[in-house]
Amino acid sequence: MAAPGSRGCSLAGLLPAQTSLEYALLDAVTPQEKDGLVYQYLQKVDGWEQDLSVPEFPEGLEWLNTEAPISVYKDLCGKVVVLDFFTYCCINCIHLLPDLHALEHTYSDKDGLLIVGVHSGQVFQMKKSWDNIKSAVLHASLWQELEVSCWPTLVILGPRGNMLFSLIGEGHKDKLFLYTSITLKYYKDRGQIRDHKIGIKLYKDSLPSSPLLFPGKVTVDQVINRLVIADTGHHRILVIWKNGQIQYSIGGPNPGRKDGMFSEATFNSPQGVAIMNNIIYVADTENHLIRKIDLQAEKVSTVAGIGIQGTDKEGGAEGEQQPISSPWDVTFGTSGSEVQRDDILWIAMAGTHQIWALLLDSCKLPKKNELKKGTCLRFAGSGNEENRNNAYPHKAGFAQPSGLSLASEEPWNCLFVADSESSTVRTISLKDGAVKHLVGGERDPTNLFAFGDADGVGINAKLQHPLGVAWDNKRNLLYVADSYNHKIKIVDPKTKSCTTLAGTGNTDNVTGSSFTESTFNEPGGLCIGENGQLLYVADTNNHQIKVMDLETKTISVLPIFRSASSVVDGPVLGETQKTLPKLPKSAASIRLSPVTARPGQTLQFKLRLDLPSGTKLTEGVPSCWFVTAEGNEWLLQGQTPSGEIESMSSQPTISLQVPGHCLSLDAVVCVSVLLYYCSADSGACMMQGVLFRQPLQISDTQQGCAAPVELRHVF
């Protein structure tokens, strides 16, 4: 309910008075004049007979980063509140976060300021999922009551829940600070600001310790047997051998913007990565930079961007003098000269809805004169946020392009673009720059809401915020990370057919024996390795790299672990050691027939357990499995050694990757299972266990066991 003596109202009630203020501010010269105008405005609005009051937050909402639900007229009474109306993963909303972060660092809740994020899931169905919202969430009812029609929108409230200002869109940092500072002063002068604290409980503190945190992208080193991972949530770049062992960890665990040796360099939420000849290029997204990592010199430098968000939509300056905006992916390319060479770094510039180029050598772009090395400029996209295809690259429109992949061979000779906000995959010709539709979306270039989850051809196929693409030149197929559908899809550019390859659409972290049984949670990037045999997927919200074997159609999780010789800046975050439970003495012990395994192979163990008739798993008591390898602990390094069994109808499959470098050719792996179950009426409960002993014979020369090992037992 609203405060006494107030009237519920939309933001339209503020418009006449705030418009007059903003016109007056245009004529103000000194900071003192501007402060005085805002102070006078507050005197006027505060003196209205009735407040323009924000409605009370409805009961039953779910909140993040707070200890309990918050009330406008109880908890926020005596506070100046900034309501941030946003939608998940909108680039404009992301651009606003540094402004809010700076405001929080300037004024705390003790000073009387609080910032509350108000989420709307109106854009994508997935965006309504609670598990994918990472800040305090209120639902669309508040948007509708205040008639908020655009994101991001900021609404500043006074200490009575009274609306004072609104700011629509990004780029209003100066006004935000001016309005907030004078509002705090105005109400402090009147003794209406309270310094009480709000109970904060950060969501990130509840996340389990993990080697990876929201990894955004992954790429393969085509020369050396290793991968590069953008460990986005840890603000670092990992270079790992393909058995998961870390070679280099660069940056992290905290965000920063510093060049230099590996021991001092920092990043801020890096995304796209590309590696060639011991050089890695990084889309350092929230620093608005392109960074260069020299693995031989162990040094990081900046090659494009100035470290703040740019608004230039043309470019043309030297890289380090050229402002850029939220680069999201990078890939190497060629200028189309007779000599095939990787002389261009293509950039998905999500912040300006364009595709840019950074010239790694002097060369020509389509329809351009000779350009000198180091130039950074627009290649395609007008800068308008739309789904517009055009033969002229500068007249085409993109909407937050987030993934790139190159097909340099004929007849393709194009860039594939995952255009996330239009839910399409597009192509850009490297001959003339023409932008064409491939799959997803619809024909109206202004409709960015044509999303869905449907296999089909061309425009009849539907995607939902795809973030990554990977070209398979062996099969002439394109793999797509259909992020908000939690699936991996496959596109034939010749027929424009799009079909689901893997993922059920659920976000549970299930690594099944087949593509169709396995699940993903917002996969953000992917790449092809091993001459087309493997597809590596950055399963972002599961904090994992998953490995899809395109020949055997199986999926495994890549373990990430540190070696004594790895070059690490900052701590490698690993899972805390768990105390494994002990099996009861009555537990059955089953010795399985030996299996042969190759170094680097992933073995799968499928639980096939049966409870006695008329019984069920005990609710609230976690049944579990765990893996041990006494005397051969190297087998389990960096892998998940345990897990829960939640349902007998959907029993887990346990993956074990044999390291690429084995310390012994003979070992025994033990899989232990502990079940708690009760009679159907819960009248009697019991605990039972079983131990499976699996001998391994590791060989480089013999074919490894491809079929999953079934662990069967009847209790």
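**Entry 1: the largest cavity**

I started with the empty space inside, and the largest cavity comes out at about 70 Å³. Worth jotting down before going further: this is a predicted model. I then asked how many cavities of 30 Å³ or more the structure holds. The count is two.

Next I pulled up the lining of the largest cavity. F605, V627, L636, Q639, T640, P641, I654, S655, L656, V669 and V671 make up that wall. Sorting them by class gave me eight nonpolar and three polar residues, with no charged ones.

Which strand gives the most to this lining? I found that β45 does, with three residues. Both β45, at 653-657, and β46, at 666-679, supply at least two lining residues each.

**Entry 2: the second largest cavity**

I moved on to the second largest cavity, which holds about 40 Å³ of space. Its lining reads N243, P559, F561, Q637, Q639, Q657, V658 and P659. I noticed Q639 here, having already written it down for the largest cavity. The class split is four nonpolar to four polar, and again I have no charged residue to note.

**Entry 3: strand β36**

Then I left the cavities and looked at β36, residues 544-549. Are its residues buried or exposed? Six of six are buried, so I put the strand down as mostly covered, taking buried as under 20% relative accessible area.

I checked the two faces separately. One side carries Q544, K546 and M548, the other I545, V547 and D549, and all of them are buried. I underlined K546 and D549, since both sit on the list of buried residues.

**Entry 4: the neighbours of β36**

What pairs with β36? On one hand there is β35, residues 534-539, running antiparallel to β36 over six bridges. I traced one of the pairs: V537 has K546 as its bridge partner. The two strands form a hairpin with four residues between them. In that turn I picked out H543, which has a positive phi of about 60°.

On the other hand there is β37, residues 554-557, also antiparallel to β36 and joined to it by four bridges. Here I found V547 standing opposite S556. This hairpin likewise has four residues between its strands, and K553 takes a positive phi near 60°.

**Entry 5: pulling it together**

My picture of β36 for now: a strand with both faces covered, paired antiparallel with β35 and antiparallel with β37. For the cavities, I keep about 70 Å³ for the largest and about 40 Å³ for the second largest.

Methods:
Residues are numbered from 1 along each chain as its sequence is written. This is a predicted model: local features need pLDDT of at least 70, side-chain atom pairs count only at pLDDT 80 or more; totals for chains, interfaces and linings use all residues. Side-chain values use heavy atoms; hydrogens and water are left out. On a 1 Å grid over the protein atoms alone, a cavity is a set of points where a 1.4 Å probe fits but cannot get out, and a pocket is an open set with protein on both sides within 12 Å along at least five of seven lines; lining residues have an atom within 4 Å of a point. Grid points are joined across faces, edges and corners, and a volume is the space filled by probe spheres set on the points. Ala, Val, Leu, Ile, Met, Phe, Trp, Tyr, Cys and Pro count as nonpolar, Asp, Glu, Lys and Arg as charged, and the others, Gly among them, as polar. Buried means under 20% relative accessible area, exposed over 50%, partly exposed in between (1.4 Å probe, protein chains only). Two strands pair if DSSP finds at least two bridges between them.
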